[in-house]
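Reader: I am new to reading structures. Could we walk through this one together, one question at a time?

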Amino acid sequence: MNPYWSYLLTAVGVFGLYLAGRKSPAGWAVGVAAQLLWFAYAVSTEQWGFIVSCLAYGWVYSKNFLAWRQPTKEEAVQ
């Protein structure tokens, strides 16, 4: 596999974080999609430790997306 794949996958993940930081729901979707790509990378390169990180990052992206959609206490009071 081309060694530049890990750089490209990192760029996709950082782009997802950038979008999420700009309050775009697409950022969370890009982040989860990046984990699917990292999973494929882990399997194809037999770097099994990446699978654990994919699961952890995917869980965090999903949890943060759900939390992000909930109103804050200040917003709920208004």
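Reader: Which residue follows α2, and what is the sign of its phi?

Author: This is a predicted model, so every angle here is computed from predicted atoms. Most residues other than glycine have a negative phi. The residue after α2 goes the other way, with phi near 55 degrees. That residue is Glu46, and the sign of its phi is positive.

Reader: Where is Glu46 placed?

Author: Glu46 comes after α2. Its place is in a loop. That loop runs between α2 and α3.

Reader: Is Glu46 buried or exposed?

Author: Exposed means over 50% relative accessible area. Glu46 has 57%. Therefore Glu46 is exposed.

Reader: Which residue with a positive phi follows α1?

Author: The loop between α1 and α2 holds this residue. The residue is not a glycine, yet its phi is about 65 degrees. Its relative accessible area is 63%, so it counts as exposed. The residue is Lys23.

Reader: How many helices and strands are in the chain?

Author: Read along the sequence, the pattern is α-α-α-α. Each symbol in that pattern is a helix. The count is four helices and zero strands.

Reader: What share of the chain's residues count as buried?

Author: The chain has 78 residues. To count as buried, a residue needs under 20% relative accessible area. The share that does is 22%.

Reader: How far does α2 reach from its first C-alpha to its last?

Author: α2 covers residues 25-45. That makes 21 residues. At 1.5 Å a residue, 30 Å is expected, and the model comes close to this. The reach is 31 Å.

Reader: Which residues of α2 are buried, and why do they line one face of the helix?

Author: An α-helix has 3.6 residues a turn, so residues three or four places apart point the same way. The buried residues of α2 are Gly27, Trp28, Gly31, Ala34, Gln35, Trp38, Tyr41 and Ala42. Seen down the axis, they fall within a limited arc, so they line one face of α2. That arc is 125 degrees.

Reader: What do the buried residues of α2 pack against?

Author: Two helices take part. One spans residues 5-21, the other 49-69. They are α1 and α3.

Reader: Gln35 is in α2. Is Gln35 buried or exposed, and which residues does Gln35 contact?

Author: Gln35 has 8% relative accessibility, so it counts as buried. Leave aside its neighbours within four places in sequence. The residues in contact with Gln35 are then Ser53, Cys54, Tyr57, Gly58 and Tyr61.

Reader: Which residues does Pro25 touch?

Author: Pro25 is in α2 and is partly exposed, at 46% relative accessibility. One partner sits 43 residues away along the chain, with its C-alpha 9.0 Å from that of Pro25. Not counting residues up to four places away in sequence, Pro25 touches Phe65 and Trp68.

Reader: How far apart are the end C-alpha atoms of α1?

Author: α1 has 17 residues. At 1.5 Å a residue, the expected span is 24 Å. The model agrees, with the end atoms apart by 24 Å.

Reader: Which residues of α1 are buried, and what arc do they cover?

Author: Ser6, Leu9, Gly13, Gly16, Leu19 and Ala20 are buried in α1. Their arc around the axis puts them on the same side of α1. What covers them includes α2 and α3. The arc is only 150 degrees.

Reader: Which exposed residues does the opposite face of α1 carry?

Author: Look at the face of α1 turned away from its buried side. Exposed residues there need over 50% relative accessible area. They are Tyr7 and Gly21.

Reader: Which residues form a nonpolar patch on the surface?

Author: One member, Val43, lies in α2. Val43 has a relative accessible area of 37%, so it is partly exposed. Together the patch residues have about 300 Å² of accessible area. They are Phe39, Val43 and Trp48.

Reader: What percentage of the exposed area of the chain do carbon and sulfur atoms supply?

Author: The chain exposes about 5,800 Å². Carbon and sulfur atoms supply part of that area. Their share is 67%.

Note on methods: Residues are numbered from 1 along each chain as its sequence is written. This is a predicted model: local features need pLDDT of at least 70, side-chain atom pairs count only at pLDDT 80 or more; totals for chains, interfaces and linings use all residues. Side-chain values use heavy atoms; hydrogens and water are left out. Buried means under 20% relative accessible area, exposed over 50%, partly exposed in between (1.4 Å probe, protein chains only). Contact means heavy atoms within 4.5 Å. The expected span of a helix is 1.5 Å times one less than its number of residues. The arc is that of the directions from the helix axis to the C-beta atoms. Accessible areas come from the Shrake-Rupley method with a 1.4 Å probe; for residues, only the protein chains shown count as cover. Patches are made of residues with over 30% relative accessible area and no salt bridge: like charges are joined within 9 Å, nonpolar side chains (Val, Leu, Ile, Met, Phe, Trp, Tyr) within 5 Å. A salt bridge is a side-chain nitrogen of Lys or Arg within 4 Å of a carboxyl oxygen of Asp or Glu.
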